[in-house]
Amino acid sequence: MQFEVWAPKAQDQVVLRLEDADRPMERDPEREGWWLAQAPATDGSRYGFALDGGLVLPDPRSRRQPDGPDGTSAVVDQAAYAWQVEWAGRPLPGAVLYELHIGTFTREGTLDAAAEQLAPLAELGITHVELMPLCPFPGSHGWGYEGVSLWAVHEPYGGPEALKRFVDTAHGLGIGVVLDVVHNHLGPAGNYLPQFGPYFTDTHHTPWGAAVNLDAPGSDEVRAYLLESALAWLRDYRLDGLRLDAVHALADGRALTFLEELSTAVDALAAGVGRPLFLIAESDLADPRTTTPRTEGGLGLHAQWNDDFHHALHTALTGESQGYYADFARAPLAAVAKTLSRAFFHDGTYSTFRGRVHGRPVDRTRTPAHRFLGYAQTHDQVGNRALGDRLSATLSPGLLACAAVLVLTGPHTPMLFMGEEWGAATPWQFFTDHPDPVLAEAVRTGRRREFAAHGWAEEDIPDPQDPATRERSCLDRTEIEKEPHARLLAWHRELIALRHGQPDLADPDLATVKVAFDEAARWLAYRRGDLRIAVNLSDRSAEIPLGGGGRVLAAWEPVRAPGADGVLRLPPESCVVLTDS
């Protein structure tokens, strides 16, 4: 087989180390900076590259790292796996997503163990699981955002074949698979890319240091590296979509941006394989151009997380007002109403958190609502809290039910965070497993200092390196049979069934969403076609002028449809879905 590597930093030689035998590589006469070698190899053959007499390094495009980021690479025969399911794909419109972390979705923390728990998600009505990053990272356990080897699967999770088995199982249950990929930085340990070429540049700086090189000299090959890795996930593992981490942190000054290149390539691949593929951006820019089609001057990504909806909902439910919640907390129900009907709260408004005007309005006449993901909880919004506490730690079951109805009946594409469907009591905390004691201590100290600045005692912050921190974060499925967890699970199942069964809940027209609210009385109601949804976040009963008639489709507490006076009398911390017909 042919081995090749882009190594423009090599001055004189590159040697292929294949199963303890060294083979000199030759320069590619047609591609500057590339080195080639032919050698017999099979699935599992171990190899690496040594530049100018240096140490043997893993392949930047390694498909497998059996011994972790610092070990040699292994050949993967992508054709060796016998796929069991013929899969036509599932498009994003009409989806209900479920974000999960392989390492804590089960105690075992593997792809195979996670696959065994997919059937309940299919029964719940989930259409796609969104996996947190799978690329290799130091140690066994971590969030995955410090990954390296962007083409490989973390070995403790099961490696590349385990991912194929997981995807096969999901597709057999009718569930699509989305993968979170990180292009804006690589982890601090096991990152050997700078020894090969200009993968990073000091032209820009990010919170992680030098920026990934998307626009400086040598960036053509860096962009190709990222783009081709993205396509490999979709093609070789038959994934249905990618979530792109923090695209606002991609420093890219070129006229044709990397994101446009990527969306163009993914659309072409979708046409080639004959099934829908999509890209979901995480972006804090509140910029509709992220998901505007390329033909209309946008980047052409297919959807984006909408943190504005989350922040509005979170402040309405909890009353928190610190940090970026401050702008939403002034009038939280007004903020929820705006994000339900206009997607972004910050659409050219002043942000006190940023100290400037932020965002851009969404053109509701041509922007379908499914391009925005709506959620009450995510790995970020739970795990980046000091104690990793979920909403279930502080809210009543009734308020959790209200959160669910707002997420699952809103115009956006809804997403749940693993365990949310039964109000999991387990936290989801920040944990790492760095073998390097210096890096481990730096992470531990940095985490505690970060929250000490916000008034937390350092000893109260969980130690990221303590295995117990990860153990506490694993889901406990014994909760499901207990109350109030069983009731919350049934409520989520009922709402998801309504979403799939009621065409009005799939209407992508933001302009038709009509919202009313009373900030002081803490109720909010909105119309979606013939459906009316109302929530009462107060600890007192609410009288909501909803209009007469109709019938109840789903209710958290017993409630009657409005009578002749047109008033809905909704119990405290409760919610209802009604239909006019």
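1. In which sense, parallel or antiparallel, do β9 and strand β10 (residues 128-131) pair, and over how many bridges? In this predicted model, the two strands pair in the parallel sense, over four bridges. One bridge partner of L97 is H128 in β10. On β20 (residues 413-417), β9 has another parallel pairing, this one over three bridges, and there the bridge partner of L97 is M415.

2. Strand β9 (residues 97-100) is covered on both faces. L97 and E99 are buried on one side, and Y98 and L100 are buried on the other. E99 should not be overlooked when this strand is inspected, since it is listed among the buried residues.

3. The largest nonpolar core contains 144 residues, and V129, L131, F166, W233 and L242 have the most contacts inside it. Helix α12 (residues 397-409) gives the most to this core, with ten residues. Apart from neighbours within four places in sequence, V129 is in contact with Y98 and L100, and also with L118, L121, F166, I175, G176, V177 and V178.

4. Strand β15 (residues 278-281) also has both faces covered: F278 and I280 are buried on one side, L279 and A281 on the other. The pairing of β15 with strand β14 (residues 241-244) is parallel and has four bridges. Within that pairing, L244 has A281 as its bridge partner in β15.

5. Towards the start of the chain there is an open sheet of three strands, in the order β1-β5-β4, with antiparallel pairing. Strands β1 (2-6) and β4 (26-27) stand at the edges with a single partner strand each, so one side of each has no neighbour in the sheet. Two bridges join β4 to β5 (residues 34-38); E26 has L36 as its bridge partner in β5.

6. The second largest pocket holds about 360 Å³ of space. It is lined by 14 residues, of which M1, Y47, D59, R61 and R63 are the closest to its centre. Strand β1 supplies the largest share of the lining, three residues. By class, the lining has eight nonpolar, two polar and four charged residues.

7. Y225 lies in helix α6 (residues 219-236). Is Y225 buried or exposed? Y225 counts as buried because its relative accessibility is 2%, where the cut-off for buried is under 20%. Leaving aside neighbours within four places in sequence, its contacts are P60, R61, L150, W151, L193 and Y199. R61 is thus named both here and among the residues closest to the centre of the second largest pocket. Y225 and L150 are 75 residues apart along the chain, with 8.9 Å between their C-alpha atoms.

8. Some backbone angles deserve a check. Most residues other than glycine have a negative phi, and most peptide bonds are trans. D20, which is not a glycine, has a positive phi of about 70 degrees; D20 is in the loop between β2 (14-18) and β3 (21-24). A343, also not a glycine, has a positive phi of about 75 degrees and lies in the loop between α10 (332-342) and β17 (347-351). D20 is exposed, with a relative accessible area of 74%, whereas A343 is buried, at 2%.

9. The peptide bond from E483 to P484 is cis, with omega near 5 degrees. P484 is placed in the loop between α14 (467-473) and α15 (485-501).

Key
Residues are numbered from 1 along each chain as its sequence is written. This is a predicted model: local features need pLDDT of at least 70, side-chain atom pairs count only at pLDDT 80 or more; totals for chains, interfaces and linings use all residues. Side-chain values use heavy atoms; hydrogens and water are left out. Two strands pair if DSSP finds at least two bridges between them. A nonpolar core is a set of buried Ala, Val, Leu, Ile, Met, Phe, Trp, Tyr and Cys residues joined through side-chain atoms within 4.5 Å. Buried means under 20% relative accessible area, exposed over 50%, partly exposed in between (1.4 Å probe, protein chains only). Contact means heavy atoms within 4.5 Å. On a 1 Å grid over the protein atoms alone, a cavity is a set of points where a 1.4 Å probe fits but cannot get out, and a pocket is an open set with protein on both sides within 12 Å along at least five of seven lines; lining residues have an atom within 4 Å of a point. Grid points are joined across faces, edges and corners, and a volume is the space filled by probe spheres set on the points. Ala, Val, Leu, Ile, Met, Phe, Trp, Tyr, Cys and Pro count as nonpolar, Asp, Glu, Lys and Arg as charged, and the others, Gly among them, as polar.
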